[in-house]
Amino acid sequence: MREVLNRLLEWWNADQPVAMATVVATFKSAPRLPGAAMLVGPDSEAVGSVSGGCVEGAVYQLGEEVVASGEPVLQRYGVSDESAFAVGLTCGGILDVFVERVDRTSYPELGEVAADIEAGRPVAVATVVAHPDAARVGRRIVVRPEGAAITGTLGSDRMDDAVVDDVRGLLANGRSETLEYGPDGQRRGAGMRVFVSSYAPVPRMLVFGAIDFAAAVARVGSFLGYRVTVCDARGVFATATRFPSADEVVVDWPHRYLAAESAAGRIDGRTVICVLTHDPKFDVPLLEIALRLPEVAYIGAMGSRRTHDDRLKRLQEAGLTDLELSRLSSPIGLDLGARTPEETAISIAAEIIATTWGGAGKPLSTLTGPIHHQAN
């Protein structure tokens, strides 16, 4: 919902009913992830996408029906017969799409949810998308971290207690997925499906070293949706003018900055760290901290083979274990034959994506099996 939230909120504030279609589950080579959303608004306006174009026409038509009836629908789209090219996923994937009517009456919590998302406060929305009792479909509960307010109910205390516990686990990792329970929230049952849409703060990319390669990495990181920080101890190089794509530029010793961010709880399992200084007086103290962080998605360090070998030796002398050192991607990036800063940034981004989704980093034309991987 994040990508269509602004437009949705405009219609919600004006109390104009909208159909919101959300991908709640995917199978095989589906083009969009759970949480992707499309709106069917007033004046026949469509916003967003659930499949990259494969089934948008069918979803649009269903959205108009849902707005008129007010009854939510869980619909599966996929290739199953000769009509696939007319209505279906020609790529061979399968999508479960939940379509619901959204207005101030049906979704009174939307304003508060949008405020949390805008402020970067973690929040998740759990919605019943399937249930033996049709009256329960579409009920939702808004969940925040431990100690924060919970809004709404799925229908019973038992259901709420079971779902809230699971949702908080997903929210901590920024994950959206469908959970299944018994009709009253029984963990060993089936029949009730609940889609959890998590809105954790935007994941971070920390780029250490205010060099020309860092400017290119910051641009690509921003494009991929990261909140990018560039950090360097040298104030003459670490300026906002040199890094316009970065969300913030920090003048500090890299190891000191990273330690402070970790202590403040601002590093999580989605954070990626790119060490581009290739200077041991910066790299080694920084990597001592980075490689010992309990949760981080990726740690890469720039440098030649000789620099890498020298760096490993220094880190071993500092007491890092083989397991800790195995977390380091060095030299950074995939082998794309990159030369320029921009090409190098693409190779770094490619390695981050491959690490995140379990890709092999090889041409798809040489591989068999699904194109899209599940997250590691």
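**Exercise 1. Decide whether Phe223 is buried or exposed, and say which surface patch it belongs to.**

Phe223 is exposed, because its relative accessible area is 72% and the term applies over 50%. The model in which this is read is a predicted one. Next, place the residue along the chain: Phe223 lies in helix α5, which covers residues 212-223. Finally, look at its surroundings, where Phe223 forms a nonpolar surface patch with Leu33, Leu224, Ile353 and Trp357, and these residues together have about 510 Å² of accessible area.

**Exercise 2. Find how many aromatic pairs there are, and describe the geometry and setting of each.**

A pair of aromatic rings is described by the distance of the centres and the angle of the planes. The count comes to 2 aromatic pairs. In one of them, Phe208 and Tyr257 stand edge-to-face, with 6.4 Å from centre to centre and 65 degrees between the planes. This pair links distant parts of the chain, since Phe208 belongs to strand β11 (residues 204-208) and Tyr257 to helix α6 (residues 254-263), 49 residues apart. Both Phe208 and Tyr257 are buried.

Trp253 and Phe282 also pair, with ring centres 5.1 Å apart and planes at 35 degrees, so this pair is tilted. Here too distant parts of the chain are linked: Trp253 is in the loop between β13 (248-251) and α6, whereas Phe282 is in helix α7 (residues 280-290), 29 residues apart. As for accessibility, Trp253 is partly exposed at 35%, while Phe282 is buried at 6%.

**Exercise 3. Work out which residue of the salt bridge between Glu146 and Arg168 is buried and which is exposed.**

Begin with the contact itself, in which the closest N and O atoms of Glu146 and Arg168 are 3.4 Å apart. The partners come from distant parts of the chain, with Glu146 in the loop between β7 (140-143) and β8 (151-152) and Arg168 in helix α4 (residues 157-172), 22 residues apart. Glu146 has 70% relative accessibility and therefore counts as exposed, whereas Arg168, with a relative accessible area of 17%, is buried.

**Exercise 4. Compare the accessibility of Asp232 with that of Arg234, and then name the residues joined into one salt-bridge network.**

The side chains of Asp232 and Arg234 meet in a salt bridge, at 2.8 Å from N to O. Asp232 is buried, with a relative accessible area of 1%, but Arg234 is partly exposed at 32%. Turning to the network, salt bridges with shared partners join Glu112, Asp116, Arg121 and Arg144.

Methods
Residues are numbered from 1 along each chain as its sequence is written. This is a predicted model: local features need pLDDT of at least 70, side-chain atom pairs count only at pLDDT 80 or more; totals for chains, interfaces and linings use all residues. Side-chain values use heavy atoms; hydrogens and water are left out. Patches are made of residues with over 30% relative accessible area and no salt bridge: like charges are joined within 9 Å, nonpolar side chains (Val, Leu, Ile, Met, Phe, Trp, Tyr) within 5 Å. Accessible areas come from the Shrake-Rupley method with a 1.4 Å probe; for residues, only the protein chains shown count as cover. A salt bridge is a side-chain nitrogen of Lys or Arg within 4 Å of a carboxyl oxygen of Asp or Glu. Helices (H or I, at least four residues) and strands (E, at least two) are DSSP runs, numbered from the N terminus. Buried means under 20% relative accessible area, exposed over 50%, partly exposed in between (1.4 Å probe, protein chains only). Rings of Phe, Tyr and Trp (its six-membered ring) pair if their centres lie within 6.5 Å; planes under 30 degrees apart count as stacked, over 60 as edge-to-face and the rest as tilted.
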